[in-house]
Amino acid sequence: TRSTRPQRMLKAVQKNATKGNPESVISAIDYFCKHSEWAMNVGDEKGSILDSVVTEVNPSTVLELGTYCGYSTVRIARLLSPGTKFITLEFNPANVTVARQIIAHAGIQDKVTVVEGSSGDLIPQMKERFGITTFDFIFLDHWKDRYLPDIKLFEECGLLRKGSVLLADNVICPGAPEYLEYVRNSPRYESRYYPAHLEYTKVEDGLEKSVFLG
Ligand SMILES: O=C(NCCCCCn1ccc2cnccc21)c1cc(-c2ccc(F)cc2)cc(O)c1O
Ligand SMILES: [Mg+2]
């Protein structure tokens, strides 16, 4: 039967990227998406903004919602200090399988735990299952209509501390209007928009960075 796009992306990484070299994995995926098939990785333009925020925060605990094929997972993991606790959550088991192989090709498999499940189920389990008290950095890149319920879940579960940084992809395209309205109007967050474009296109998109004020 016909392969899937994530499987074709994995083949391109295995063929074109150097094992153990995260930068070459990132480049191989960007090349695949620009020249072969578009895919919903955060991409190089928004990825550079992601890099700068991760570097600035220098987090000890990280959560990514929406692993997909592991592109942003590799981008984040390559910047983390040794001993950082990094969890990435993916709903689709076929994507988990591809992501684990792309992460292994990059050589950063020891820096991240890939968990299969949905945010609504897993967020309340973070403390008991992974020994997390609070997250320093959260990257939201999953179902756009889950951004708002999940940020409220983080608050309810006591997973944010003064200074926790949330970075949300796709706040313009596909869009997360209710989430934007919440973080931009809540006195508990300091929010800033980083304009960019939808990955590998000229369509307007951007990232919203929100700092929890406690
Ligand atoms: O839909 C997007 N991502 C989410 C994919 C599904 C996530 C499922 N999932 C993973 C973890 C998890 C945990 N809990 C619940 C569910 C969970 C997305 C879409 C576009 C896009 C597509 C077409 C178009 F024409 C324009 C833009 C661009 C992006 O950058 C995106 O990120
Ligand atoms: Mg995205």
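**View 1. Strand 4 of this predicted model is covered on both faces.** Phe137 and Phe139 sit on one side, Ile138 and Leu140 sit on the other, and all of them are buried. Buried here means under 20% relative accessible area, with exposed over 50% and partly exposed in between (1.4 Å probe, protein chains only). In a regular strand the side chains alternate between the two faces of the sheet. Strand 5 is built along similar lines: Val165 and Leu167 point one way, Leu166 and Ala168 point the other way, and all are buried. Strands and helices are DSSP runs numbered from the N terminus, a helix being H or I over at least four residues and a strand being E over at least two.

A word on how to read these views: residues are numbered from 1 along each chain as its sequence is written, while chains are lettered from A and ligands numbered from 1 in the order in which they are written. Because the model is predicted, local features need pLDDT of at least 70 and side-chain atom pairs count only at pLDDT 80 or more, whereas totals for chains, interfaces and linings use all residues; side-chain values use heavy atoms, with hydrogens and water left out.

**View 2. Strand 4 has strand 1 and strand 5 as partners.** Two strands pair if DSSP finds at least two bridges between them. Strand 1 (residues 61-65) and strand 4 (residues 137-140) run parallel and are joined by 4 bridges. Within that pairing, Val62 has Phe137 as its bridge partner, and Leu65 has Leu140. Strand 4 and strand 5 also pair in the parallel sense, over 4 bridges. There, Phe137 stands opposite Val165 and Ile138 stands opposite Leu166.

**View 3. Zoom out a bit and you get an open sheet of 7 strands.** The strand order is 3-2-1-4-5-7-6, and the pairing is mixed. Strand 3 (113-116) and strand 6 (189-197) are the edges, each pairing on one side only. Neighbouring strands are turned by 15° against each other on average, direction ignored. Helix 3 (residues 43-57) packs on the sheet, touching strand 4, strand 5 (165-168), strand 6 and strand 7 (204-212). The direction of helix 3 makes about 150° with that of strand 6. Helix 5 (residues 93-106) lies across strand 2 (85-90) and strand 3, running at about 170° to strand 3. Contact means heavy atoms within 4.5 Å; axes are lines fitted to C-alpha atoms, for helices over the stretch in contact, and angles run from 0 to 180 degrees between N-to-C directions.

**View 4. Three residues hold the magnesium ion (ligand 2) as protein donors.** They are Asp141 (OD), Asp169 (OD) and Asn170 (OD1), lying 2.0 to 2.2 Å from the ion. Donors are N, O and S atoms within 2.8 Å of the metal (3.2 Å for Na, K and Ca), and water is not among the atoms, so the site may look incomplete. Along the sequence, the donor residues are spaced D-x27-D-N. Asp169 is buried at 0% relative accessible area, and Asn170 counts as buried at 3%.

**View 5. Cys33 and Cys69 are not bonded to each other.** Their sulfurs are 8.2 Å apart, too far for a bond, since a disulfide is a pair of cysteine sulfur atoms within 2.5 Å. The disulfide count comes to 0. Both cysteines are buried, Cys33 with a relative accessible area of 5% and Cys69 with 0%.
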